[in-house]
Amino acid sequence: MVGIGIHTGNALRGYEIGKMARERGAFVVFGGIHATLYSEEALNLGGAHAVVKGDGDVIWAAVLADCAKGTPKSLYLGGKIEASDFLPARWELVPRNSYMWASVQTVRGCPKHCSFCSVWRTDGQRPRQRSTDSVIEEIVQLRRLGFRFIALADDNFYPVTLTDIELAMRQGDTHRIEELRSIRAERFDLMARLALLPPDTVLYTQITMEAAEDPSFLEAMRKANIKGALVGVESVTPEGLKDVFKDFNLAGDNLVERLRTFRRHDIHVLGSFIFGLPSDRPQTFEATAAVAQRAQITFAQFVMLTPFPGTVDFAKWEKSVGSEIQSVGGVPITRPWLIPHSRRPKMYWPHPAMSADEIRQRTQAVWDRFYSLKFIWQRSRFLKTLRSRLAFILISKIYRQMYADTGIATDSARLARSTRWARWLAKPCQHLFAGRPMPQLQVPL
Ligand code: SF4
């Protein structure tokens, strides 16, 4: 049996692998966000015998049993299960040397509703938080196997903000206050236990910027060895934030100050910015590059606005295309993930002020500037030794190579070159990330 989890970005490759596996006689089962949204596609194009929609943790046992009998159903509905039913991964089956880091999920779902994001629609807006015991046990198992870098692969590691609690208090909603406080208390409990793991553990996660209003939370993260967080900054202007329904973020100097707060608690930020928003103008690129530099963020990614399936943006875009849908190589442009990468449109909406090419070039220039040797070297100042600073340069360059070119490159030769380069650089990095196996490590109580 071959199980393939896909998101929109790797769906096409997943389908290729699915077809190959089926030709060689395997039962092929697809799951993941994209298969949940477009189950027919995996059946028609990916050689799938079956597709699991929604959470796979519980329904997987039924899929296995049916395949063992030789009678898989074409569709299994996993739904949204409760956190107590989430299953830890079977890490002992993973070839240790093929991975730089491992990932563990502690909470599914996000209460926000950003227009470009599908998480709140597919995983739901109610945070489903795993018990501290099960998360810690999984992380300890990873440390026993020699994984030192572990991503807490959450939709939003800070699911309850202080503002949420204040709001519930103002509304006098006692049940809600209790619920929110208990989620928050469990987060602190988890972080207190993480703090007892070996001190060379490096954890990182995804979080909203609101966490910076909450010094006690950031302090707990620091003690828990959560050393990095992806923060969706998206835009540096209030108009841009409104464009993506993310006006809980800050702009301008307040934004710089807020991002620096993470750094003051020793949390390194990977800032994520979006270009091509309707309110963006040529000067927005320069302003964003300047904010990224001033805000002392350690890494940054600059992506072009793309409507992904399952998002509010996608629904709006698909509707705007109308009934006369163009196609590329026989694939309608409303299914861009099925178009080979090099021929895929890079911009979806006509922009009110700039051409697609201008946005692409300006985006590329911001990547080039942020990851120039001069700026990487400046950013590496927090490291004490020359060796660590050189390692930081290497990692920054890999990151830039893996994401900058793959996102916006227009020709396939450049894309292939950049993937090869990133792979080649990744090899020496494997040693930097690996930890000593600790088979005797006990679960901290
Ligand atoms: S972008 Fe982040 S904050 Fe917004 S809905 Fe998605 S996970 Fe939540």
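Which residues lie nearest the centre of the second largest pocket? In this predicted model, they are R126, P127, R128, E179 and I183, which belong to a lining of 17 residues. The pocket itself has a volume of about 300 Å³.

The lining of this pocket can be described by the elements that supply it. Two elements, the strand β7 (128-129) and the helix α8 (174-194), each provide at least two of its residues. The largest share comes from α8, which gives six residues to the lining. In chemical character, the lining of the second largest pocket consists of seven nonpolar, three polar and seven charged residues.

The discussion now turns from this open pocket to the enclosed spaces. There are two cavities of 30 Å³ or more in the model. The second largest cavity, with a volume of about 30 Å³, offers a convenient starting point. Its lining is formed by Y158, P159, V160, I183, R184, R187 and F217. The student will recognise I183 in this list, for I183 is also one of the residues that lie nearest the centre of the second largest pocket. The helix α8 is again prominent in the lining: it gives the most to the second largest cavity, with three residues. Five of the lining residues of this cavity are nonpolar and two are charged, while no polar residue is found there.

The largest cavity has a volume of about 40 Å³. Its lining is made up of E234, S235, V236, F273, I274, F275, L277, D280, T284 and T288. Here the contributing elements are the strand β11 (268-275) and the helix α12 (282-294), each of which supplies at least two residues. Of the elements, β11 accounts for the largest share of this lining, with three residues. The lining of the largest cavity divides into five nonpolar, three polar and two charged residues.

A final site to consider is the surroundings of the ligand. Which residues surround the ligand? The shell around it is formed by C110, K112, C114, F116, C117, W120, D155, T208 and K246. Among these residues are the three cysteines C110, C114 and C117, as well as the two lysines K112 and K246. By character, the shell around the ligand comprises five nonpolar residues, one polar residue and three charged residues.

Taken together, these sites may be followed in the structure by locating α8, which supplies six residues to the lining of the second largest pocket and three to that of the second largest cavity, and then β11, which supplies three residues to the lining of the largest cavity.

Conventions
Residues numbered from 1 in each chain as written. Predicted model: local features only at pLDDT ≥ 70, side-chain atom pairs only at ≥ 80, totals over all residues. Heavy atoms only, no water. 1 Å grid on protein atoms, 1.4 Å probe; cavity = no way out; pocket = protein on both sides within 12 Å on 5 of 7 lines; lining within 4 Å. Points joined across faces, edges and corners; volume = space filled by probe spheres on them. Helix = DSSP H or I, 4+ residues; strand = E, 2+ residues; numbered from the N terminus. Nonpolar A, V, L, I, M, F, W, Y, C, P; charged D, E, K, R; others polar. Near = heavy atom within 4 Å.
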